[in-house]
Amino acid sequence: MDFNQLMARLGRTGQVFVGGALLIFILSFLPWYSASFNFGGGDSVSGHLAAWHAAFGAWFPVLLLIALGAVTVLWALDIIKWSPLFLWLVGTATAIVAAVIIVLRWVTFPSVPSGFGGSAGAGWALYVSLVVTIAMAVFGYLGFVGAGGDVKNIPAALQQRQAQGQAGPPPPGQY
């Protein structure tokens, strides 16, 4: 399978999942938390933390989204035998969980105590990562609905597709 065939198999939703995962991986090395302190007399210090150093709430969603991108590529290569309906549902759920964790990390970052004359908070890469994660969730949802999914009755939609042999993970021992 060449690159153009892979892109065609991925479709727009799959491309967003894979591209978003790559972008989140790159952003994970950039400032997720920034702080600066002024000590008076012109002395100041500033620094930042990447996602890998900003605690579980930063690096875990990155890993979730990288795994989603990897699973999407494996699906497009027919190594994982899931229906698009199932993949887009799993992808949407994964992106929503990752977005919630990123927001929780954002609101729990420590602040600078008053009197220190500094500032601390979320870095720009966290904001961009959150936007990318939300975009992945939206495209996952649109892919799910486009594949015939129904939000009002997700279990029935999956059972219907599975009865047609099109959804769900393969039975144990059949890869």
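## A hairpin, a small sheet and three packed helices

Strands β1 and β2 form a hairpin with 2 residues between them, and Gly41 in the turn has a positive phi of about 65°. Everything described here belongs to a predicted model, so please read each value as computed from that model.

**The sheet**

Let us stay with the hairpin for a moment. β1 and β2 pair in the antiparallel sense over 7 bridges. Close to the turn in the register, Gly40 has Asp43 in β2 as its bridge partner. Elsewhere along this pairing, Ser36 stands opposite Ser46 in β2.

What is the order of the strands in the sheet? The 3 strands form an open sheet in the order β2-β1-β3, with antiparallel pairing. The edge strands are β2 (43–49) and β3 (118–122), each of which pairs on one side only. On average, neighbouring strands of this sheet are turned by 5° against each other, with direction ignored. As general background, strands of a sheet pair through backbone hydrogen bonds, either parallel or antiparallel.

On its other pairing, strand β1 (residues 33–40) joins β3 in the antiparallel sense over 5 bridges. Two positions show the register: Tyr33 has Ala122 in β3 as its bridge partner, and Ser34 stands opposite Gly121 in β3.

**The helix pairs**

Now to the helices. Two packed helices are described by the angle between their axes and the distance between the axes. The table gives both values for three pairs.

| Helix pair | Angle between axes | Distance between axes |
|---|---|---|
| α3 and α4 | about 155° | 8 Å |
| α1 and α4 | about 165° | 9 Å |
| α1 and α3 | about 30° | 11 Å |

Helix α3 covers residues 84–107 and helix α4 covers residues 124–146. Their angle is about 155°, and α3 and α4 are therefore roughly antiparallel to each other. The crossing of α3 and α4 is left-handed. On the α3 side, the contact includes Leu85, Trp88, Leu89, Ile96, Ile102, Val103 and Trp106, while the α4 side includes Leu126, Tyr127, Leu130, Ile134, Met136, Tyr141 and Phe144. What is the make-up of this contact by class? The residues divide into 18 nonpolar, 5 polar and no charged.

α1 and α4 pack at an angle of about 165°, which makes α1 roughly antiparallel to α4. α1 passes α4 in a left-handed crossing. Among the residues of α1 that take part are Arg12, Val16, Phe17, Leu23, Ile24 and Leu27, and they belong to a contact whose α4 members include Trp124, Val128, Val132, Met136 and Phe139. By class, the contact of α1 with α4 has 13 nonpolar, 6 polar and 1 charged residues.

The remaining pair in the table is α1 and α3, at an angle of about 30°, and that makes α1 roughly parallel to α3. Here too the crossing is given a hand: α1 and α3 cross in a left-handed way. Leu10, Thr13, Gly14 and Phe17 in α1 meet Leu87, Trp88, Gly91 and Thr92 in α3. This contact of α1 with α3 has 4 nonpolar, 4 polar and no charged residues.

**An aromatic pair between α1 and α3**

How many aromatic pairs are there? The count comes to 10 aromatic pairs. One of them is formed by Phe17 and Trp88, and this pair is edge-to-face, with 5.6 Å centre to centre and 75° between the planes. The pair links distant parts of the chain: Phe17 lies in helix α1 (residues 3–27) and Trp88 in helix α3, 71 residues apart. Both residues also take part in the contact of α1 with α3. Phe17 appears in the contact of α1 with α4 as well, and Trp88 in the contact of α3 with α4.

Note on methods: Residues are numbered from 1 along each chain as its sequence is written. This is a predicted model: local features need pLDDT of at least 70, side-chain atom pairs count only at pLDDT 80 or more; totals for chains, interfaces and linings use all residues. Side-chain values use heavy atoms; hydrogens and water are left out. Axes are lines fitted to C-alpha atoms, for helices over the stretch in contact, and angles run from 0 to 180 degrees between N-to-C directions. Helices (H or I, at least four residues) and strands (E, at least two) are DSSP runs, numbered from the N terminus. Angles under 35 degrees count as roughly parallel, over 145 as roughly antiparallel, 65 to 115 as roughly perpendicular and the rest as oblique. A crossing is left-handed if the near helix is turned anticlockwise from the far one by less than a right angle, and right-handed if clockwise. Contact means heavy atoms within 4.5 Å. Ala, Val, Leu, Ile, Met, Phe, Trp, Tyr, Cys and Pro count as nonpolar, Asp, Glu, Lys and Arg as charged, and the others, Gly among them, as polar. Two strands pair if DSSP finds at least two bridges between them. Rings of Phe, Tyr and Trp (its six-membered ring) pair if their centres lie within 6.5 Å; planes under 30 degrees apart count as stacked, over 60 as edge-to-face and the rest as tilted.
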